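Got the structure open in your viewer? Let's walk through it stop by stop, with a selection to make at each one.

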Amino acid sequence: MDRLVPRMRLHAASIFGEMSVLATKMGAINLGQGFPDTDGPQILKDAAIAAITEGRGNQYPPVHGLSVLREAIALHQQRFYGLSIDPDTDVVVGTGASEILSAALLALVDTDDEVIIFEPWFDVYDAGISLARGRRVAVPLRPPTFRPDIDALRAAITPRTKVLLINSPHNPTGTVFTLAELQAIADIAIEHDLIVISDEAYEHLWYTGHPHVPISTLPGMFERTVTVGSGGKCFSFTGWKVGWASGPRDLIAAVRVVRQHLSFVSGGPFQWAMTAGLDLPDSYFTEFRADLEYKRDILTSGLREMGLEVLPSQGTYFVMTNVRSLGFEEGMQFCREAAERARVVAIPVQALCADPLIGGAYVRWAFCKQPSVLREATAQLTAAFS
């Protein structure tokens, strides 16, 4: 690590990579990393194969994304949220939502600019801020409810604050921000003229009673918001790594400049596939949510039966538990013992926090797995910890 620049040393290891390696080493069920264990719709596979066979995706696609995909993204934003965007100027396609997020931070954050993120956070945010030489300012989602603390957000604003990075549905907590919470956040962003980067990778993964509302749909917010989406999360092809951003022309133009110098372009065949996915009927998205909600309930029930306190998951692939009821003060200790004793891997939330009081005893579990796998995992956990 001596060769690594100091600002990136804190990010040398990823908890997701670490726990997945542990899962492989122990032969454990991996409920840590958020990827489905079944493929998405066949129509997307067929579209990718056709693009390869017909020679439509085997060479460099346009630098900002296939025009048909950018048009599909624009139609998606109109169809679901009533947002009118120009696919020629207001959309950029990248190698997954993670690259888009990093490109947005590199494009919009300068040295020592402050970027506010809610804690706990997805680790890419913190690393991206460091890459951009910005300063991370954390605002808590306070346990045990993990709702945004609006007063703390307001107090965190300084003259150096440039960007507010939000994520709803929220990874790792499973919280979906309410309209009232989003409006309060929007009011602060407008008052202080902040740019908002809104990570909406899980936009279609919200559950009964907790609909997702993009912050860009609120008055005065479209013109200051970069909205990030994920084909991998929407269609269960996380390995294809296709993501995008949409928003006002000036912000997207800035993101485009940086993103073209990262991966230059992203996999052409998979862009054709995502175009087909975005054209799926509403019934696909409804059934997709229902299937994940069913799996959520299986895992939630099993974790409760083994004696864990489970926080209700309103969206995403994830549900969190407090492990103190099993005698653990730290999620990391529990996760290591669960891997060894139960052959089940999860993610300690403390690895996604700076403040140990926020994440300390909480563990994140992924339920985007087959029901039989979820039942097997909870049976192994129960046997190990009962």
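Start by selecting arginine 133, which you'll find in the loop between α6 and β4 (135-142). Keep in mind as you look around that this is a predicted model. Check the backbone here: phi of arginine 133 is near 65 degrees, a positive value in a residue other than glycine. Most residues other than glycine have a negative phi. Is arginine 133 buried, partly exposed or exposed? Its relative accessibility is 46%, so arginine 133 counts as partly exposed.

Now jump to threonine 316, in the loop between β10 (309-311) and β11 (318-322). Here too phi is positive in a residue other than glycine, near 75 degrees. Threonine 316 counts as buried because its relative accessibility is 0%.

**Two cis bonds in one loop**

Next, select proline 169 and proline 172. Proline 169 lies in the loop between β6 and α8, and proline 172 sits in the loop between β6 (161-167) and α8 (179-191). Look at the peptide bond between serine 168 and proline 169: it is cis, with omega about -10 degrees. The bond joining asparagine 171 and proline 172 is cis as well, with omega about 20 degrees. Most peptide bonds are trans.

Stay on proline 172, which counts as buried because it has 0% relative accessibility. Show its neighbours: proline 172 touches Pro120, Trp121, Phe318, Met320, Val349, Leu352 and Arg364, leaving aside residues up to four places away in sequence. You can also draw a C-alpha to C-alpha distance to glycine 315, which is 143 residues apart from proline 172 in sequence and 9.9 Å apart in space.

**Helix against helix**

Select α5 and helix α6 (residues 123-131). Their axes come within 8 Å and cross at roughly 35 degrees, and the crossing is right-handed. On the α5 side, look for Ser98, Leu101, Ser102, Leu105 and Leu106; they meet Val124, Tyr125, Gly128, Ile129 and Leu131 in α6. By class, that contact has seven nonpolar, three polar and no charged residues.

Another pair to select is helix α3 (residues 42-53) with helix α11 (residues 268-278). They pack at an angle of about 145 degrees, with axes 8 Å apart. Among the residues making the contact are Leu44 and Ile52 of α3, and Phe270 and Trp272 of α11. Eleven nonpolar, one polar and no charged residues form this contact.

From here, step to leucine 66, in the loop between α3 and α4. Leucine 66 touches Pro61, Gly268, Gln271 and Trp272, not counting residues up to four places away in sequence.

**One side of α10**

Which residues of helix α10 (residues 249-259) are buried? Select Leu251, Ile252, Val255, Arg256, Val258 and Arg259. They span an arc of only 165 degrees around the axis, which means they lie on the same side of α10. Show what they pack against: α4 (67-81), β2 (91-94), α5 (96-108), β7 (195-199), β8 (225-230) and β9 (243-246). Spin to the face turned away from the buried side, and you'll see the exposed residues Arg249 and Asp250.

**Last stop: the cores**

Finish with the largest nonpolar core, which has 98 residues. Ile197, Phe235, Leu303, Phe334, Trp365, Leu381 and Phe385 have the most contacts inside it. A second, separate core of 31 residues includes Phe118, Val139, Ile157 and Phe177.

How values were computed. Residues numbered from 1 in each chain as written. Predicted model: local features only at pLDDT ≥ 70, side-chain atom pairs only at ≥ 80, totals over all residues. Heavy atoms only, no water. Buried < 20%, exposed > 50% of the residue type's maximum accessible area, 1.4 Å probe, protein only. Helix = DSSP H or I, 4+ residues; strand = E, 2+ residues; numbered from the N terminus. Arc of directions from axis to C-beta. Contact = heavy atoms within 4.5 Å. Core = buried A, V, L, I, M, F, W, Y, C linked by side-chain atoms within 4.5 Å. Axes fitted to C-alpha atoms, helices over the stretch in contact; angles between N-to-C directions. Nonpolar A, V, L, I, M, F, W, Y, C, P; charged D, E, K, R; others polar. Left-handed = near helix turned anticlockwise from the far one by under 90°.
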